[in-house]
Amino acid sequence: FNNEASGGGASSETGKSVNAGTQYTVTVGAGGSRSTSSGAGISNGGNSVFSNITSVGGGYSGGSGYTAQAGGSGGGHQTGSSPGAGTSNQGFAGGNGFASGTDYGGGGGGGASAVGGNASAHVGGNGGAGLASSITGSSVTRAGGGGGYAGNEGNGATSGGAGGAGGGGNGGRNNTSNSPNLAPTNGAANTGGGGGGASNRAADFPGGNGGSGVVILRMPTASYSGTTSGSPTVSTSGADTILVFNSSGTYTS
């Protein structure tokens, strides 16, 4: 919108032309699901779609024996393989994990505008930053990556990674006598933010779920039909009308 950058460092995409009297389906993707039995996620986030424009859901994190997944932005990883890749023109890859002796940390998830941070000794990587847009009339940052989990089996101090700006959840921490255990947090709803990462003891410290997506349409008020389903929020900014879909629906042009 308005020459703003797109995710993944790309330039602004071309505006969408629609045909009068045509009904267009709006799909708002669900957030990715956490696992309650391992340190990895179990599903990528769902795609958010308007017509032929698709924003790819984020990839879930990996852990020991589990592979981080690619997505709109990629999932971070603890050890053993590469982080998940991002999608061109949408988001960045996750960060690398760390494991040595009793220390471990997960890499942060990728965000729309930055790679997920790498973990260090018993410190999780920060989630990659999301991307700000003023399409709604004010600047809002969305699609931040989730922070990575951290732990230390020798009870040293640990620190989970911070969620990336734009709805990313914080990573948790465990196995420490120097600071309280903290569970990971969910990504914020309707931001596309990633959930915070979990350790392999996910039954005790489950990871955060990803935040659901959002679809925002902006058009000249003179061209707005007023025909929608799915209860989008309708507002105006200058000579434009803005529809914010927090759940799936339709717009008839």
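**Reading strands, cores and rings**

Modeller: Let's start with Tyr 251, which is buried, with a relative accessible area of 4%. Keep in mind that we are looking at a predicted model.

Biologist: Which strand holds Tyr 251, and are the residues on its two faces buried or exposed?

Modeller: Tyr 251 belongs to strand E14, residues 249–252. Both faces of E14 are covered: Gly 249 and Tyr 251 are buried on one side, and Thr 250 and Thr 252 are buried on the other.

Biologist: How should I read strand pairing in general, and which way does E14 run relative to E1?

Modeller: The general idea is that strands of a sheet pair through backbone hydrogen bonds, either parallel or antiparallel. Here, E1 and E14 run antiparallel and are joined by four bridges. Gln 23, for instance, has Thr 252 of E14 as its bridge partner. Strand E11, residues 227–229, is also antiparallel to E14, with three bridges between them. Thr 252 turns up again there, as the bridge partner of Thr 227.

Biologist: And what is the strand order in the open sheet with E10 in it?

Modeller: That sheet has three strands in the order E10-E13-E12, with antiparallel pairing. E10 and E12 (233–237) are the edge strands, each pairing on one side only. From one strand to the next, the twist averages 20°. Take E10 and E13: six bridges join them, and Val 215 stands opposite Phe 245 in E13.

Biologist: Moving on to packing, which residues make up the largest nonpolar core?

Modeller: The idea is to look for buried nonpolar residues joined through side-chain atoms within 4.5 Å. In this model the largest such core has ten residues: Tyr 24, Val 26, Val 28, Phe 50, Val 215, Leu 217, Met 219, Leu 243, Phe 245 and Tyr 251. Strands E1 (23–27), E10 (215–220) and E13 (240–245) each give two or more residues to this core. E10 provides the largest share, with three residues. Apart from this core lies another, of five residues, including Ile 135, Val 214, Ile 216 and Ile 242.

Biologist: Phe 50 is in that ten-residue list. What is Phe 50 in contact with, leaving aside neighbours within four places in sequence?

Modeller: Phe 50 is in contact with Lys 16, Val 18, Tyr 24, Thr 25, Val 26, Val 215 and Leu 217.

Biologist: Now the rings. How many aromatic pairs are there?

Modeller: In general, a pair of aromatic rings is described by the distance of the centres and the angle of the planes. The count here comes to two aromatic pairs. For Tyr 24 and Phe 50, the ring centres are 5.6 Å apart and the planes sit at 40°, so this pair is tilted. Tyr 24 lies in strand E1 and Phe 50 in strand E2 (residues 48–50), so the pair ties together parts 26 residues apart in sequence. Both Tyr 24 and Phe 50 are buried. In the other pair, the rings of Tyr 224 and Tyr 251 have centres 6.1 Å apart and planes at 10°, so they are stacked. Tyr 224 is in the loop between E10 and E11, while Tyr 251 is in strand E14, 27 residues apart.

Biologist: Why does Tyr 224 count as partly exposed?

Modeller: Because its relative accessibility is 23%, and the buried class stops under 20%.

Biologist: One last residue: where is Ser 133?

Modeller: Ser 133 is in strand E6, residues 131–133. Ser 133 is buried, at 16% relative accessible area. Its side chain makes a polar contact with the side chain of Glu 4, at 2.7 Å.

Note on methods: Residues are numbered from 1 along each chain as its sequence is written. This is a predicted model: local features need pLDDT of at least 70, side-chain atom pairs count only at pLDDT 80 or more; totals for chains, interfaces and linings use all residues. Side-chain values use heavy atoms; hydrogens and water are left out. Buried means under 20% relative accessible area, exposed over 50%, partly exposed in between (1.4 Å probe, protein chains only). A polar contact is a pair of N or O atoms within 3.5 Å; within protein, one must be able to donate a hydrogen and the other to accept it, and residues adjacent in sequence count only if both atoms are side-chain atoms. Contact means heavy atoms within 4.5 Å. Two strands pair if DSSP finds at least two bridges between them. Axes are lines fitted to C-alpha atoms, for helices over the stretch in contact, and angles run from 0 to 180 degrees between N-to-C directions. Rings of Phe, Tyr and Trp (its six-membered ring) pair if their centres lie within 6.5 Å; planes under 30 degrees apart count as stacked, over 60 as edge-to-face and the rest as tilted.
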